[in-house]
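Subject: Structure handover, with notes on side-chain contacts

Dear colleague,

I am passing on the structure we spoke about, and my notes on it follow below. Please open it alongside this message as you read.

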Amino acid sequence: MSSVTTSAFNLPDRLAAKADPALIADDERHFAAMAESLAQTIAELSGRRDAELKAPGGIGQKALDRDMEIHRLTARLRLLRRFGLDLCLGRIVGADNPEPAYIGRLGLTDRAGRRLLIDWRSPAAEPFFGATHANPMGLASRRRYRWTGGRISDYWDEVFTPDGLEGHAALDDQSAFIASLGGSRSARMRDVLGTIQADQDAIIRAGSRGALVVDGGPGTGKTVVALHRTAYLLYSDPRLGHRRGGVLFVGPHQPYLAYVSDVLPSLGEEGVQTYTLRDLVPEGAAAAIEADPEVARLKSSADLVKAIESAVRFYENPPAKGMTVETHWSDIWLSSDDWAEAFDAPEPGTAHNEARDQILAELVTILMDKNDGDVPADLFRKSLLQNRELRAALNRAWPLIEAPDLVGDLWSVPAYLRLCAPWLNPDEVQRLQRADAQAWTVSDLPLLDAARQRLGDPEASRRQRQRDAVVAAEREQMARVVDDLIEAADDEYGVGLVTMLRGEDFQDALVDQAALPNTDPDRLAGPFAHIVVDEAQEDAAAPVPIPELHRRRRPGPGPARIHRVVARPPGAGRVRPDHPGFAEHQLPDAGRGHGGGRAGHPRRAPGRQRAHLHPQHRPPRRTWTCFGSGPDPRHLAGRAC
C-alpha cells in the first residue's frame, strides 16, 4: 500500500501551476487522513482474518460461513493493499455545499465515522460520472486524478457554475478522457474507471429488473460498460445476496477474457465467473467450426433447439401392454393404465433422467396398494425396488440417456431427425447428417446444452442410491454404539440418555457427512441472478445463442436478467433484441471523422456528450422455448424421410 510521506502529488515541472497549494492543500489533508484510516483498516481486517483462520473450522453451514468470511476479508485486504491512496478516483463539490466529496473504488470511513471515500457505485457518486454542462446534477465542480506509482501525476478540473472557478479549479484544454487516450498499450485492458463517460454510466446504472441490450460499433465502450455494469450489479442488486445466485460474465474467446481479466478484481469483485460459450458444455473445448454455412444456419435456428424436446419425448412412452410383476409372496398385475399413471407422476419441468426415480417410486406405490398379502411394507418395497423385470421394463420405456448420444442420433439417423423436426425438408435433413455423429462443432453446442438441461444427470440416481446405502450403514453402526451406551448407563442418567440417543435428530448428527459420496457442483449450471454477455466484433455475424444462457437464469418474475453487449460494424443496422422485455441502449459510433486512440484503446468522439440514451422495447423475433433429451431411434432407419 502506498502511503503519504511528503505529498500525495508528484506533478511534473510542466504542471507546476497545478501544484499551487491553493489548489491541492485540501486534497493533501484528505489523503493524509485516508492514509491513516487505511493503515488502521488493514490492521483490523488482518486481525479479524487471522482470528477466523485460527478458529475451529466447524462442519456444515458453520464451516461454509467461516470460509466465506475468510474469502471476503482476504479480497478486501487484497484490494486495499493493491491500491492504497489511489483507491480515490476524484472529488466532486456541490453547488450548495463547498465541502468536497471524494469518490473511490470502495467506501472508506474513519474511526470517527467521517466518510473519506464514497463507493463509485453508490447513488451519491453518480454525479461524478454523469454530470454534464447540460445537466450538472447539482455540481459546482469535478476533479479527476491520474495516479502513477501510487502518487498523483496529473489531475483535471471541470466547473459547472461560475462559483466553481473561485480558488480551486485548474482548467485544461482537454478532458481526463481525451488525455487517457495517449496511454501506452498493454496486454491487459487499462483501468478506465476514472474516465467513464456519462452515456456509459447511464447504462451501467440502468435498472436491473429486466433484460438489456447495449448496441454499438467498434470503440464505443461496450466492453467497459459490460464489465463495470457487472461490478455495479453485485453492489446494488439485493437479489444477489443470501445465496440467490451470482453473476456469469460471458466473453467471445479466451484472449478476450485474458485481456479483461484484471478489470473486475481491480473493482473489488473477485467472485464473478468469467467464461466463453465453449466452456458451458464439456464438448466445447474440442469443438470445431462448422464447415458448411448452411448447416450452421440450420443449427442456429431456435426451432431446431425445440426438436430436442421431441427427441426426448420419443423415449417417454408408457408400455401399451401390461405385465405381471412376480414377487416372493405373490404375482401382481401392472396394467397399461398403471404405467400411464406412473408416467404422469413427475412434476412438470423435471429432467428426464431424474424423473425415472419418481416414476419407479409411483410404480412401487401402485403395486403395494394392489398387494393383499400380510407382508411388512418395508420388506415388500425393498423387494419391488430390486425387481429385475420391473426395472428392465422401465428401462425400455423410460431409459437413461446421455446428451451426446441424443444429439448424435439426430445427425446419424435421418428418420429420427425427420420425426423430431418435421418442418425440415428432405434436403435439409440429409445435409445435417454426418459420418461421425459426435464430431462436434461450435454449432452443436447450444443443442448439446439444451439436451443436457432437459435430460439431467444420468448418474444422479446411482449416486443417490450409493449415498443412501452409506447413510444406512452409518446409522446401523451408530445404532449398535447407542445400544452399548444405553446398556452401560446407570439408573441416574439412563432415562435421559435413552431419550437423547434414541432421538432421530441425534442419530442423523452421528452420520459422518464428510464420508458420504458427493460430486463437485457444476458451477456453470446456475442459476445466476444476472448474465452479462459481451459479443466480439468478429462474431457479430454469428450472434451468441442467448437461450443457452437463458436456461442458467435464476427463475423469478419478470423478463430474463440478461445484459447483452452487441458489436456491429460501422454502418450496420441496429441489432434487434431477441427476447420479450429487452431494453435496448444505443452507444453512438465513434471514430468517424474524429481522432482515434492507439490500437487496443477505445476510440470515441472527442468532446461529444452522449448522455441521452433511448431505451426501446422491441417485439421478439423468436420465442425462446428451449428444452434439452431410450428405445433406439435406429429402428426408424427404414422409414422414409
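To begin with a single residue, does Tyr 315 count as buried or exposed? Tyr 315 counts as buried, at a relative accessibility of 3%. Please keep in mind throughout that this is a predicted model, and that the values given here were computed from it.

Overall picture

The chain has 641 residues, of which 48% count as buried, and it contains 22 helices and 15 strands. About 31500 Å² of the chain is exposed, with carbon and sulfur atoms supplying 52% of that area.

Aromatic rings

The count of aromatic pairs comes to 15. One of these joins Trp 120 and Phe 129, whose ring centres are 6.1 Å apart and whose planes stand at 75°, and because an angle over 60 degrees counts as edge-to-face, the pair is given that description. Both partners are enclosed: Trp 120 is buried, with a relative accessible area of 0%, and Phe 129 counts as buried at 1%.

Tyr 315, with which I began, pairs with Phe 314, and here the centres lie 5.2 Å apart with the planes at 85°, so this pair is edge-to-face as well. Phe 314 is also buried, with a relative accessible area of 14%, a value that falls under the 20% cut-off for that term. Elsewhere, ring pairs join Phe 9, Phe 31, Tyr 102, Tyr 145, Trp 147 and Tyr 155 into a cluster.

Two rings also have a charged group placed over them. The charged end of Arg 144 sits over the ring of Phe 128, at 5.1 Å from the ring centre, while the charged end of Lys 299 sits over the ring of Trp 411, at 4.7 Å from the centre of that ring.

Salt bridges

Side chains of opposite charge can pair when their charged atoms come close, and in this model the count of salt bridges comes to 29. Three of them are described here in turn.

In one of these, the side chains of Lys 18 and Asp 154 meet with a nitrogen-to-oxygen distance of 2.7 Å. Lys 18 lies in the segment before α1 (21-54) and Asp 154 lies in strand β6 (residues 151-159), so the bridge ties together parts of the chain that are 136 residues apart in sequence. Lys 18 and Asp 154 are both buried.

Another salt bridge is formed between Asp 27 and Arg 91, whose closest N and O atoms are 2.7 Å apart. Since Asp 27 belongs to helix α1 and Arg 91 to strand β1 (residues 88-94), this pair ties together parts that are 64 residues apart in sequence. Asp 27 is buried, with a relative accessible area of 0%, and Arg 91 is buried too, with a value of 4%. These two residues are also part of a network of salt bridges that links Asp 27, Arg 91, Arg 143 and Asp 157.

A further bridge brings together the side chains of Asp 338 and Lys 370, at 2.3 Å from N to O. This pair links distant parts of the chain, with Asp 338 in helix α11 (residues 336-343) and Lys 370 in helix α12 (residues 352-370), 32 residues apart. The partners differ in their exposure: Asp 338 is buried, with a relative accessible area of 9%, whereas Lys 370 is partly exposed, at 35%.

Cysteines

How many disulfides does the count come to? The count comes to 0 disulfides. Among the cysteines, Cys 88 is buried, with a relative accessible area of 0%, and Cys 420 is likewise buried, with a value of 1%.

Helix α18

The last element I would point out is helix α18 (residues 445-455), in which 9 of the 11 residues are buried, so that the helix is largely enclosed by the rest of the structure. Its buried residues include Leu 445, Pro 446, Leu 447 and Leu 448, and Asp 449 and Arg 454 are also among them. The residue that follows α18 is Gly 456, whose phi is positive, near 80°.

With best wishes

Terms used:
Residues are numbered from 1 along each chain as its sequence is written. This is a predicted model: local features need pLDDT of at least 70, side-chain atom pairs count only at pLDDT 80 or more; totals for chains, interfaces and linings use all residues. Side-chain values use heavy atoms; hydrogens and water are left out. Rings of Phe, Tyr and Trp (its six-membered ring) pair if their centres lie within 6.5 Å; planes under 30 degrees apart count as stacked, over 60 as edge-to-face and the rest as tilted. Buried means under 20% relative accessible area, exposed over 50%, partly exposed in between (1.4 Å probe, protein chains only). A charge sits over a ring if NZ of Lys or CZ of Arg is within 6 Å of the ring centre and within 35 degrees of the ring normal. A salt bridge is a side-chain nitrogen of Lys or Arg within 4 Å of a carboxyl oxygen of Asp or Glu. Helices (H or I, at least four residues) and strands (E, at least two) are DSSP runs, numbered from the N terminus. A disulfide is a pair of cysteine sulfur atoms within 2.5 Å. Accessible areas come from the Shrake-Rupley method with a 1.4 Å probe; for residues, only the protein chains shown count as cover.
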